[in-house]
Amino acid sequence: MIEQKRILATAVPGPASQALQKRKTAAVSAGVSTGLPVYVVEAAGGILRDADGNQLIDFGSGIAVTTVGNGNQRVIDAVTAQITAFTHTCFMVNPYETYVEVCEKLNELTPGNHEKRSALFNSGAEAVENAVKVARHSTGRPAVVAFDHGYHGRTNLTMGLTAKNMPYKHRFGPFAGELYRVPMAYPYRWPGGPEACAEQALRTVTDQIRVQVGEDNCAAVIIEPIQGEGGFIVPPKGFLPGLADWCREHGILLIADEIQSGFCRTGDWFACDDEGVVPDLLTAAKGIAGGMPLAAVTGRADLMDAVHPGGLGGTYGGNPVACAAALASIASMEEDDLAGRARQIGDVLTDRLGRLAEKYDEVGEVRGRGAMMAMELVADPESKEPNAALTAAVNKGCHERGLVTLTCGSYGNVFRFLPPLSISDELLHEGLDVLEESFTAALG
Ligand SMILES: *Cc1c(COP(=O)(O)O)cnc(C)c1O
């Protein structure tokens, strides 16, 4: 395992990375961009080492994927053994035990004690697509409702569900039909103020569905229990349980998109656990398999089994190497109490980001849960004008100082913190020192 130490050997990015970036520009579609073009040669724990010998602190986990950390020994051993045994048969042709075992685990760990079934796929977007297929098939209804600031992927259906135009949707339409969008319960920017947000948002959402869609036409409402790309927006207490109750009353399925928030990220197995919300269908991906591509839909047995045999699947879905990695990752989460570790990381982030907020008026809000924390930057606390310029400047400063940070938000003014749960306290604090330094430099 590489030494858990930040090292600045050259400028970031250094000459080797710059040369590789030149090749990238000549070979890779310009549509695929790179947030921080340092080319990684090795990674473990909370460190990424690049082609120039720089070692960067990782506050992104490859967008909430390497929750158990790169270089996790359980994952390495499980993947190595599986690759040696076999790499692919296609579960729909010749099945294997680990696929079934991952589904058993999902059925056990996801919210609710009811009978469940799961199905495995390759990417988050594919899981969302399949959750919608199951919802439409089992209810016989066409409409799907998503939220402002929501993100669900880049395929045609999931672009349609995603709120933000640039860069996800711009000139990629037309999008799939029967998709509707309603306001998100966003306490910091709710016109009636944060205290009124839960109740007013629930009324607005249910009114709009009734008036604009009709409950009987509505197959499902899909929501991220903590929104990811849209800005780590945490709905106020009561909103999600209220939404779940209302959906149940009207035979509308609640799909929790836990692709970013799931698998210990927020300090629970799933973000829905915080308020005991039990969705009808849940999508998972990202943190599920230690970096191997795997995604899942888990849901009520009656819904998942309503689909005719052969109606769900895909060539690679639930690939055996990815399943081995998932079982090893889940074992790590259980045995190393990574949910507890996420809460500890959350305490450190809350404290340190809170102190930044006291010091700088530009920090409008610190929010999130566990190791899924963010701060929203504004011009000043009164106007709450989104401050994308400062966000970009601080982000650049962090990168140059050897800290991998990610931004998000509909207005590009939110810093999100998603460190691997295997990061040491030392690196966590050092990363936050770098953030503070970059903040001071950007404002000075
Ligand atoms: C990342 C993400 C997706 C899409 O996952 P991909 O694997 O990139 O297709 C969907 N929903 C949420 C909430 C996500 O964060």
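## Two domains and the interface between them

In this predicted model, the centres of domain 1 and domain 2, taken over C-alpha atoms, are separated by 25 Å. The domain assignment of the protein chain gives domain 1 as residues 15-71 + 337-442 and domain 2 as residues 74-335. The two are in contact through 39 residues of domain 1 and 35 residues of domain 2, and the area buried between domain 1 and domain 2 comes to about 3000 Å², with carbon and sulfur atoms giving 56% of it. On the side of domain 1, the residues that lose the most area to domain 2 are Val 68, Arg 369 and Met 372, which together account for 26% of what that side buries.

The interface of domain 1 and domain 2 also has a polar component: the rule finds three salt bridges across it, and 21 residue pairs in polar contact, both residues being at pLDDT 80 or more. The elements that give two or more residues to the side of domain 1 that touches domain 2 are helix H2 (61-64), H11, strand E11 (363-369), strand E12 (372-377) and strand E15 (414-417). Of these, E11 supplies the largest share, with five residues. Sorted by class, the side of domain 1 that touches domain 2 has 21 nonpolar, ten polar and eight charged residues.

## Salt bridges that involve Asp 274, Arg 369 and Arg 416

The structure as a whole holds 27 salt bridges. One of them joins Arg 416 and Glu 229, whose closest N and O atoms are 2.8 Å apart. This pair links distant parts of the chain, with Arg 416 in strand E15 and Glu 229 in the loop between strand E7 (218-223) and helix H8 (239-249), 187 residues apart. Arg 416 counts as buried at 3% relative accessibility, and Glu 229 is likewise buried, with a relative accessible area of 10%.

Asp 274 takes part in a salt bridge with Arg 369, where the closest N and O atoms lie 3.2 Å apart, and in another with Lys 237, at 2.7 Å from N to O. Because Lys 237 lies in the loop between E7 and H8, while Asp 274 lies in the loop between strand E8 (253-257) and strand E9 (281-284), their pair ties together parts that are 37 residues apart in sequence. The surroundings of these two residues differ in exposure: Lys 237 counts as exposed at 59% relative accessibility, whereas Asp 274 is partly exposed, with a relative accessible area of 31%.

## Asp 280, Arg 300 and a salt-bridge network

Asp 280 and Arg 300 form a further salt bridge, with their closest N and O atoms 2.9 Å apart. Since Asp 280 is placed in the loop between E8 and E9 and Arg 300 in strand E10 (residues 295-300), the pair ties together parts that are 20 residues apart in sequence. Asp 280 is buried, with a relative accessible area of 12%, whereas Arg 300 is partly exposed at 26%. Elsewhere, Arg 189, Glu 365, Arg 367 and Glu 376 are joined into one network by salt bridges that share partners.

## The setting of Arg 341

Arg 341 has its place in helix H11 (residues 338-359). Its relative accessible area of 13% falls under the 20% limit, so Arg 341 is classed as buried. When residues up to four places away in sequence are not counted, Arg 341 touches Leu 421, Ile 423, Ser 424 and Asp 425.

## Backbone features

Most residues other than glycine have a negative phi, and most peptide bonds are trans. Against that background, a cis peptide bond joins Val 12 and Pro 13, with omega about 0°, and Pro 13 is found in the segment before helix H1 (15-27). A cis peptide bond also joins Met 166 and Pro 167, again with omega about 0°; Pro 167 is found in the loop between helix H6 (156-161) and strand E6 (179-182).

Positive phi values in residues other than glycine include that of Ile 63, near 65°, and that of Lys 384, near 55°. Ile 63 is found in helix H2 and is partly exposed, with a relative accessible area of 32%. Lys 384 lies in the loop between E12 and helix H12 (388-400), and this residue is also partly exposed, at a relative accessible area of 27%.

Methods: Residues numbered from 1 in each chain as written. Predicted model: local features only at pLDDT ≥ 70, side-chain atom pairs only at ≥ 80, totals over all residues. Heavy atoms only, no water. Helix = DSSP H or I, 4+ residues; strand = E, 2+ residues; numbered from the N terminus. Buried < 20%, exposed > 50% of the residue type's maximum accessible area, 1.4 Å probe, protein only. Contact = heavy atoms within 4.5 Å. Domains from an automatic or database assignment. Buried area = accessible area lost by both parts, 1.4 Å probe. Salt bridge = Lys/Arg side-chain N within 4 Å of Asp/Glu carboxyl O. Polar contact = N/O pair within 3.5 Å; in protein donor to acceptor, adjacent residues only side chain to side chain. Nonpolar A, V, L, I, M, F, W, Y, C, P; charged D, E, K, R; others polar.
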